[in-house]
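Reader: I am in my first year and still learning to read structures slowly. Could you take me through a close look at a single part of this one, and tell me how its side chains are placed?

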Amino acid sequence: MSSDHRFVTSADTLSQRLAAQANCHGPLPFSVFMEHALYDPAEGFYSRGDAPYADYFTSVSVHPTLFGRLLADHLHDVWRTLGQPDPFRIVELGAADGRLARQIRDEAARFPWGRSLTYAGVERAPASYAADSLDVLYSSIDQIPASDATAILSNEFFDALPVRLARRTPTGWVEECVTFDGGKASFTDRPAPAELRGYADRYAGATPEGGRIEVRQGVEPIYLHAARLGSKIVMTSIDYGGGSATVHSERLAAGTLLAYRRHRASENVLANPGHADLTAHVNFTQLIDAGQNHGFTRHRRGQQADFLSALGIGEHLVRFQERPDATVETYRTEREAVFQLVSPTDLGRFQVLTQGKGVDLDLIRGLDAHTA
């Protein structure tokens, strides 16, 4: 099967073009289907003109300022860890519509680095991006020039990287690929290539027979390019998932791949490509290993609830009550936002991973320390 899965945009729908690609080259790895479903220039989910927040919410969207305010406090820890660089460069991976960038920039004046802040965004689908939130926008991390010190930040970035699918059978691993019959997409099996078998051997030993795993693509290149951005780097990644023992456990043997549309989750990930967000849990062990491969020798990791608590989210409601314009209704709204951000059944269960290259991470609050 050809490894070239590009196709030329035409008057056909995305589904028709994917079907033509599969008919020409054979069944598509799911990562190819997911790549086009999310990032096709004309019909990809993230390329649509309407805001994706209609289909899901994030820590950035549950409150107009709170998450960015707390991350600004975290970035103050990062600035100190990097040796108080001037200018202070932040690179946000998956900058989306610039909402998080605006929140952080609005808080920057509280800190000594606010006057020297430069904020760069990386976004593959910037059609709806609010450019006034950024100093510069890149479509790929490999376009960013090196600097002495850099803070890299991402919130729900890695979960949107395309994944391949593998399933354990009595005779070994097979890859689940996408084929089309009469325009309808379905899965078909082929022997798993060496890349998937190697990943499964390393991370999915607990997956039972019949279990499915997602193998995230593009992680190593991201760390390769991140590592060259400076001699001192602190990289903070926030996402849902866990270590490999959790993500590829017997409890999650059915896999974690889902399609989100209008805040509803579906396991029918092949329906209407481009009209739903496709996402799977992040294997944070894979991120840690990729970082170590490229010089990120220290890391701290924990849950978002503990991370935000250490940064002072507990004082937010106390301060809000003291505002002269506070009402019972507005306080209830603030309390709900705080609950969503820290609840173990909501966004509080998200993982936060901070990795350091050329620095110690002793000043980073709210996360457990680890050394490679």
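Author: In this predicted model, the charged end of Arg212 sits over the ring of Phe187, at 5.2 Å from the ring's centre. A similar topic arises at Tyr39, where Arg124 lies over the face of the ring, 4.1 Å from its centre.

Rings also pair with one another, and the count of aromatic pairs comes to 11. In one of them, Phe45 and Tyr46 have ring centres 5.1 Å apart and planes at 75°, and because an angle over 60 degrees counts as edge-to-face, that is what this pair is called. Phe45 is buried, with a relative accessibility of 1%, and Tyr46, at 17%, is buried as well. The rings of Phe88 and Trp113 are also edge-to-face, with centres 5.2 Å apart and planes at 75°. This pair links distant parts of the chain, since Phe88 belongs to strand 2 while Trp113 lies in the loop between helix 4 and strand 3, 25 residues away, and both residues are buried.

Phe88 leads us to strand 2 itself, in which Phe88, Ile90 and Glu92 point one way and Arg89, Val91 and Leu93 the other. In a regular strand, side chains alternate between the two faces of the sheet. Here 6 of the 6 residues of strand 2 are buried, so the strand is largely enclosed by the rest of the structure. Strand 2 runs parallel to strand 3, joined to it by 6 bridges, with Val91 opposite Ala120, and it also pairs in the parallel sense with strand 5 over 4 bridges, where Leu93 has Ser154 as its bridge partner.

Note on methods. Residues are numbered from 1 along each chain as its sequence is written. This is a predicted model: local features need pLDDT of at least 70, side-chain atom pairs count only at pLDDT 80 or more; totals for chains, interfaces and linings use all residues. Side-chain values use heavy atoms; hydrogens and water are left out. Buried means under 20% relative accessible area, exposed over 50%, partly exposed in between (1.4 Å probe, protein chains only). Helices (H or I, at least four residues) and strands (E, at least two) are DSSP runs, numbered from the N terminus. Two strands pair if DSSP finds at least two bridges between them. Rings of Phe, Tyr and Trp (its six-membered ring) pair if their centres lie within 6.5 Å; planes under 30 degrees apart count as stacked, over 60 as edge-to-face and the rest as tilted. A charge sits over a ring if NZ of Lys or CZ of Arg is within 6 Å of the ring centre and within 35 degrees of the ring normal.
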